[in-house]
Amino acid sequence: AAGAAPAGADDAPAEEAAPAKTDFDVQLDAFDAGQKIKLIKEVRTATDLGLKEAKELVESAPCVVKKGLPKEQAEELQKKLIELGAQVSLV
């Protein structure tokens with residue numbers, strides 16, 4: 001019985017740590033080449049990057065578009081990019 005208790009105690013901190021995540025990174029995994037220009041415009045809006053920087057960022061996929069966002073903002077950006085034909089994940 002004593003051996004089971006430490007195992008349960010080890011599981012608890014891991015479960016508490018997962019929901020505590022408050023900052024998310026929006027990662028662009030891939031995109032539809034036909035939507036690249038629209039995607040670059042959206043990335044520019046979201047990141048305040050210049051045209052050249054946003055283009056290079058999009059073309060370097062998979063890459064992180066924006067870091068440290070609250071969950072709601074990260075999901076909103078993810079939704080916008082998906083609507084433009086991108087494959088996006090939150091990390």
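A crossing of two helices is termed right-handed if the near helix is turned clockwise from the far one by less than a right angle. In the predicted model considered here, the crossing of α2 and α3 is right-handed. The axes of these two helices lie 9 Å apart and pack at an angle of about 115°. On the α2 side, the contact is formed by K36, L39, I40, V43 and R44, which meet L51, A54, K55, L57, V58 and E59 of α3. By class, this set of residues comprises seven nonpolar and four charged members, with no polar residue.

The overall architecture places this helix pair in context. The protein chain contains four helices and three strands, arranged from the N terminus in the order α-β-α-α-β-α-β. Of its 91 residues, 24% are buried. Among contacts with a separation of 6 or more, 70% are between residues 24 or more positions apart.

Helix α2, spanning residues 36–47, also packs against helix α4, residues 71–83. The axes of α2 and α4 come within 10 Å and cross at roughly 165°, which makes α2 roughly antiparallel to α4, since angles over 145 degrees are classed in this way. The crossing of α2 and α4 is right-handed. L39, E42, V43 and A46 of α2 make the contact with L77, K80 and L81 of α4. Five of the contact residues are nonpolar and two are charged, and no polar residue takes part. L39 and V43 thus appear in the contact of α2 with α4, and L39 and V43 are likewise listed in the contact of α2 with α3.

The largest nonpolar core has 19 residues, of which V26, L28, L39, V43, L77 and L81 touch the most other members. Two or more residues of this core are supplied by each of β1 (23–31), α2, α3 (51–59), β2 (63–70), α4 and β3 (86–90). The largest contribution, four residues, is that of α2. In soluble globular proteins, nonpolar side chains tend to be buried together. For V26, the contacts beyond four places in sequence are C63, V64, V65, K66, L69, A74, L77, L81, V88, S89 and L90.

One of the contact partners of V26 is C63, a residue of strand β2. C63 counts as buried because its relative accessibility is 10%. Apart from neighbours within four places in sequence, C63 touches V26, Q27, L28 and L57. The C-alpha atoms of C63 and D25 are 10.0 Å apart, although 38 residues separate the pair along the chain.

Helix α4 includes two glutamines that fall into different accessibility classes, Q78 being buried at 18% relative accessibility and Q73 partly exposed at 45%. Q78 is located in helix α4 and, not counting residues up to four places away in sequence, touches V88, S89 and L90. V88, S89 and L90 are also among the contacts of V26. Q73, likewise in helix α4, has a C-alpha to C-alpha distance of 9.8 Å to D23, from which it is 50 residues distant in sequence.

I37 of helix α2 provides a further pair of residues remote in sequence. The C-alpha atoms of I37 and L84 are separated by 9.7 Å, with their positions 47 residues apart along the chain. At 61% relative accessibility, I37 is classed as exposed.

Two features of backbone geometry occur in loops that adjoin α3. In the loop between α2 and α3, D48 has phi near 65°, a positive value in a residue other than glycine. The relative accessibility of D48 is 71%, and D48 therefore counts as exposed. In the loop between α3 and β2 lies P62. The peptide bond from A61 to P62 is cis, with omega near 5°.

Note on methods: Residues are numbered from 1 along each chain as its sequence is written. This is a predicted model: local features need pLDDT of at least 70, side-chain atom pairs count only at pLDDT 80 or more; totals for chains, interfaces and linings use all residues. Side-chain values use heavy atoms; hydrogens and water are left out. Axes are lines fitted to C-alpha atoms, for helices over the stretch in contact, and angles run from 0 to 180 degrees between N-to-C directions. Angles under 35 degrees count as roughly parallel, over 145 as roughly antiparallel, 65 to 115 as roughly perpendicular and the rest as oblique. Contact means heavy atoms within 4.5 Å. Ala, Val, Leu, Ile, Met, Phe, Trp, Tyr, Cys and Pro count as nonpolar, Asp, Glu, Lys and Arg as charged, and the others, Gly among them, as polar. A nonpolar core is a set of buried Ala, Val, Leu, Ile, Met, Phe, Trp, Tyr and Cys residues joined through side-chain atoms within 4.5 Å. Buried means under 20% relative accessible area, exposed over 50%, partly exposed in between (1.4 Å probe, protein chains only).
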